[in-house]
Amino acid sequence: MLKLKKQVGELLHQAIGKLFSVCEPDAAALADMLEYPPDASMGDLALPCFKLSKTLHKSPVQIADALAGAVQAPFFERVEAVKGYLNFYLDAPIFAQRVLQDMDEAGEWYGSPRCGEGKTVVLDYSSPNVAKPFHIGHLGTTVIGHSLKLLHEFAGYRCVGINYLGDWGTQFGKLIVAYRLWGNREEVEEKGVDALVALYVRINREIDGDAEHGIPPRQDLAEQARVEFHKMEQHDPENIALWKWFVDISLKEYEKTYSQLNITFDSYKGESFYTDKMPAQVEKLRQCGLLKTDDGASIVDLSQYNMPPCLILKRDGSTLYPTRDIAAAVYRMQTYHFDKCIYVTSAQQSLHFAQWFKVVELMGYSWYDRLVHVPYGTVSVNGTKLGTRTGNVVLLKDLFRLAIEKVTAIMEEKNPALKGRGDIAQAVGVGAVVFYYLSNNRMRDISFVLEDALSFDGNTGPYAQYTYARTASILEKAEGEVPQFEPAELTAEEKEVVKCLARFPEQVSQALIEYEPSVITRYILDLCAAFNRFYHQCSILNAEQAQLRDNRLKLTDAVHRVLGRALELICMTKTEKI
């Protein structure tokens with residue numbers, strides 16, 4: 001529809017120039033004003049003419065009445081003025097032929113704005129803290145981030161996916177102390193991250209104490225942890241060896257989850273990689289006259305930008321998150337020469353990113369405006385806040401396992417002879433969880449209700465994958481035959497499918513502009529609904545006429561292609577059979 005809107009915008013611009021002798025608004029602005037009516041009886045596109053009243057000094061009704069007779073094109077059946085709206089009714093056969101022809105010409109790139117060709121985007125996402133479990137709190141950054149990577153790749157960008165591991169900090173001092181007090185190598189090797197998490201939870205409970213049960217806090221353990229991390233910073237061989245072991249164990253566990261999601265990264269450079277790159281940035285801050293001392297700490301004063309100070313160095317001279325992030329951004333620009341560097345993290349970190357983005361600007365780096373923070377809402381479980389320290393988490397591997405088991409049980413009941421059931425069960429089970437998450441606008445806080453996430457009824461991931469499998473089944477029965485479309489009268493259901501297919505490029509562009517994968521998720525549901533109405537109301541393989549059968553097969557093939565691409569863009573696996 002983007003192409004159609006652009007053409008209509010140009011026709012409107014020409015008509016306004018002739019009728020009202022003005023050059024404003026331009027064609028692009030007029031195209032942006034076009035809306036989709038809520039009901040097909042009100043047209044396929046509509047121009048609310050009140051938006052032109054101020055410019056043209058006429059009432060909406062006068063504008064609509066004047067334009068109705070002046071805007072004509074072969075792809076319109078008619079144009080009507082109704083109460084200040086200019087309603088456009090498409091000539092369905094001609095429009096369908098144009099859309100399907102556009103799809104054939106574009107091939108696998110149908111829907112791509114191709115706006116990223118020759119450009120590079122770096123995406124920093126997922127980035128779990130090492131030695132901690134992969135729980136549903138990580139799902140947002142992981143699937144939003146990877147979906148944005150896929151969208152940018154589809155738009156033609158060269159994409160660099162970075163997993164900025166949380167592999168440095170005082171938590172490793174705690175873990176080293178806990179391991180030496182209560183752990184053993186055999187158990188950690190056997191249980192992996194689960195054993196490390198148990199040690200981390202235990203030492204935090206010991207440090208915090210339990211007032212309810214009369215257990216005093218162990219500040220001596222907290223001090224030991226600080227000492228052990230300081231030894232790490234001084235490259236103590238034993239502590240560094242333990243740290244590397246913890247990192248390796250964690251990565252093996254994370255890779256299992258990434259494999260289930262079909263996610264790969266181009267770089268796993270975590271916080272530790274930038275420890276030797278921070279001093280240069282601290283020195284540059286000094287040379288720029290930006291560093292100030294506040295109670296012994298080094299800060300950048302951001303009060304004139306209505307932000308708290310950005311902490312660069314603690315009183316003991318150790319660095320902080322902003323220091324590492326600045327050093328990482330500089331390294332990434334030097335290494336990848338990015339046109340955009342996108343950070344996908346919780347909205348709770350929005351101030352942090354606003355602060356260090358501003359510091360990068362003040363340091364004189366000309367690329368400061370290429371840094372983009374993409375925030376998302378918090379996740380709770382049945383309304384309860386997540387916390388690794390307290391052990392209140394739902395592990396992704398457990399959630400995926402439950403979903404896969406449920407799909408497997410349904411398949412054994414309904415289609416026990418299906419080949420490749422294990423792979424299909426994983427695709428549908430994991431897809432159900434991903435789709436549930438990405439159905440929401442990313443800024444919404446989500447209370448993760450397991451029963452809802454694993455429900456396969458209604459507008460769910462399994463419904464979308466089943467619809468895709470239905471199109472595949474029809475095409476398989478047609479033995480790969482995909483005939484040409486010939487203009488002919490369309491039923492209401494056929495026309496709705498065509499209109500939905502035509503909207504795909506617009507939805508991709510919107511998702512990119514807004515950094516919002518849920519735009520694609522909602523589009524998938526619209527396309528599935530349109531196709532299933534068409535499937536139930538219109539005979540496809542047994543259509544009464546050969547050309548009607550050909551046209552409907554062509555529509556089915558088009559849905560198969562677009563729906564498959566859309567599922568891929570939100571990290572879901574296509575299922576040819578279910």
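# A walk through a predicted structure

The sulfur of Cys-538 lies 15 Å from the closest cysteine sulfur, which belongs to Cys-500, and that is too far for a bond. A disulfide, after all, is a covalent bond between the sulfur atoms of two cysteines. To count as one here, a pair of cysteine sulfur atoms must be within 2.5 Å. Please keep in mind, as you explore, that this is a predicted model.

By this rule the number of disulfides comes to 0. Cys-310, for example, is in no disulfide, and its nearest cysteine sulfur, in Cys-288, is 14 Å away. Are these cysteines buried or exposed? Cys-310 is buried, with a relative accessible area of 1%. Cys-538 also counts as buried, because its relative accessibility is 5%, and the cut-off for buried is under 20%.

Let us turn to a sheet. Three strands form an open sheet in the order E1-E3-E2, and their pairing is antiparallel. At the edges you will find strand E1 (45-48) and strand E2 (76-82), each of which pairs on one side only. Neighbouring strands in this sheet are turned against each other by 15° on average, if direction is ignored. Look now at how E1 meets strand E3, which covers residues 85-90: the two run antiparallel and are joined by 4 bridges. You can pick out one partnership here, as Leu-47 has Leu-86 in E3 as its bridge partner.

Leu-47 turns up again when we look at the nonpolar cores. The largest nonpolar core has 126 residues, and Leu-47 is among those with the most contacts inside it, together with Leu-12, Phe-88, Tyr-437, Phe-448 and Ile-524. Which helix gives this core its largest share? That is helix H16 (residues 421-438), which supplies 11 residues. Apart from this core lies another one, of 36 residues, including Val-160, Met-278, Tyr-365 and Leu-371.

For a buried residue with its neighbours, try Thr-257, which sits in helix H11 (residues 237-260). Its relative accessibility is 4%, so Thr-257 counts as buried. What does Thr-257 touch, not counting residues up to four places away in sequence? Its contacts are Phe-134, Leu-396 and Phe-400.

Next come some details of the backbone. Between Glu-24 and Pro-25 there is a cis peptide bond, with omega at about -5°. To find Pro-25, go to the loop between helix H1 (2-20) and helix H2 (27-33).

Two other residues have a positive phi without being glycine. One of them is Asp-295, whose phi is near 55°. Asp-295 belongs to the loop between strand E6 (291-294) and strand E7 (297-300). Because its relative accessibility is 60%, Asp-295 counts as exposed; the cut-off for that word is over 50%.

The other is Asn-306, with a phi of about 60°. You will meet Asn-306 in the loop between E7 and strand E8 (310-313). Is Asn-306 buried or exposed? With a relative accessible area of 74%, Asn-306 is exposed. And strand E8 (310-313) brings us back to residue 310, the cysteine that is buried at 1% relative accessible area.

Definitions and conventions: Residues numbered from 1 in each chain as written. Predicted model: local features only at pLDDT ≥ 70, side-chain atom pairs only at ≥ 80, totals over all residues. Heavy atoms only, no water. Pairing = 2+ DSSP bridges. Axes fitted to C-alpha atoms, helices over the stretch in contact; angles between N-to-C directions. Core = buried A, V, L, I, M, F, W, Y, C linked by side-chain atoms within 4.5 Å. Buried < 20%, exposed > 50% of the residue type's maximum accessible area, 1.4 Å probe, protein only. Contact = heavy atoms within 4.5 Å.
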